[in-house]
Amino acid sequence: MTKTLDFYFDFYSPYGYLAHYKIDDIAERYGYQAQWHAILLGPAFKAVGSKPLLDIPMMGAYSAHDFARTARLDGVPFVMPATFPGATLAAGRAFYWLQDQDPALAKRFAKAVFKAAFAEGQDLLQVANIKAIASAEGIDAQALEAAIQTEAVKERFKTAVQDSLAKGVFGSPFVMVEGEHFWGNDRIPQVEQWLARDGW
């Protein structure tokens with residue numbers, strides 16, 4: 001039976017974007033399957049008394065530089081969306097609506113959303129852009145737009161965010177492997193070592 005690890009991310013998290021390129025390959029290399037979970041950093045920041053990196057004096061300028069520098073090191077494109085940071089409600093709701101029907105499609109959609117945001121600089125706060133991303137992945141954009149406006153789908157995302165907080169998730173990316181927690185893109189190599197060595 002395939003073991004699983006949990007990958008938590010905010011769609012507007014630059015470090016979540018960088019980590020998303022690696023997590024599936026690392027998991028599969030060691031016989032795991034990565035389960036993806038969209039979250040919102042706003043409630044997490046509130047819970048820990050923090051705020052977006054770019055809003056923190058000195059740390060914000062460093063982080064903006066580090067996002068691009070790390071992307072260059074990883075050999076992936078990076079563009080900061082003009083509306084960053086923001087609450088990616090439509091993308092998160094769409095993700096869970098899709099996940100409840102087809103987890104593989106939801107993950108493909110999530111990867112396309114990350115690409116649109118940080119490889120192309122698209123505004124994820126515009127529902128029209130989320131619909132266009134979905135349509136390009138063969139998803140019925142009109143059905144998606146209708147679904148994410150329903151109370152059931154809104155509640156689905158809200159519950160997922162609350163569940164992540166209850167489990168101790170306070171940032172993006174955040175990885176859980178059988179009760180072990182790893183926060184940050186810079187901990188992804190540790191995740192790989194943990195899987196390779198079965199802990200330490």
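Let's start with Phe9, which counts as buried because its relative accessibility is 0%. Keep in mind, everyone, that we're looking at a predicted model. Phe9 sits in strand 1. What does Phe9 touch, once we set aside its neighbours within four places in sequence? Its contacts are Trp36, His37, Ala38, Ile39, Phe95, Ala110, Phe114 and Ser172. If you'd like a distance to try on your own screen, take Phe9 and Ser63: 54 residues separate them in sequence, and their C-alpha atoms are 17 Å apart.

Now, Phe95 from that contact list turns up again in the largest nonpolar core. That core has 58 residues, and Phe95 and Phe109 are the ones touching the most other members. Which helix gives the largest share of this core? That would be helix 5, residues 103-119, with ten residues. As for Phe109, leaving out residues up to four places away in sequence, its partners are Ala91, Ala94, Phe95, Leu98, Ile130, Ile133, Ala134 and Ile139. Apart from the largest core there is another one, made of seven residues, including Tyr8, Phe45, Phe174 and Met176.

Two of those names, Phe174 and Met176, take us to strand 3, which covers residues 174-177. Phe174 and Met176 point one way from the strand, Val175 and Val177 point the other way, and all of them are buried. Strand 3 pairs with strand 1, residues 3-9, in the antiparallel sense over three bridges. Within that pairing, Tyr8 has Phe174 as its bridge partner. Strand 3 also pairs with strand 4, residues 180-183, again antiparallel, this time over four bridges. There, Val177 stands opposite Glu180. Strands 3 and 4 form a hairpin with two residues between them, and in the turn Glu178 has a positive phi of about 50 degrees.

Last stop, friends: the helices. Two packed helices are described by the angle between their axes and the distance between the axes. Helix 1 (residues 14-29) and helix 3 (residues 59-74) pack at about 15 degrees, with axes 10 Å apart. So are they roughly parallel or roughly antiparallel? Helix 1 and helix 3 are roughly parallel to each other, because angles under 35 degrees count that way. The crossing of helix 1 past helix 3 is left-handed. On the helix 1 side, the contact is made by Pro14, Tyr15, Leu18 and Lys22. Helix 3 brings Ser63, Asp66, Phe67, Thr70, Ala71 and Asp74, and there you can spot Ser63 from our opening distance to Phe9.

Conventions
Residues are numbered from 1 along each chain as its sequence is written. This is a predicted model: local features need pLDDT of at least 70, side-chain atom pairs count only at pLDDT 80 or more; totals for chains, interfaces and linings use all residues. Side-chain values use heavy atoms; hydrogens and water are left out. Buried means under 20% relative accessible area, exposed over 50%, partly exposed in between (1.4 Å probe, protein chains only). Two strands pair if DSSP finds at least two bridges between them. A nonpolar core is a set of buried Ala, Val, Leu, Ile, Met, Phe, Trp, Tyr and Cys residues joined through side-chain atoms within 4.5 Å. Contact means heavy atoms within 4.5 Å. Axes are lines fitted to C-alpha atoms, for helices over the stretch in contact, and angles run from 0 to 180 degrees between N-to-C directions. Angles under 35 degrees count as roughly parallel, over 145 as roughly antiparallel, 65 to 115 as roughly perpendicular and the rest as oblique. A crossing is left-handed if the near helix is turned anticlockwise from the far one by less than a right angle, and right-handed if clockwise.
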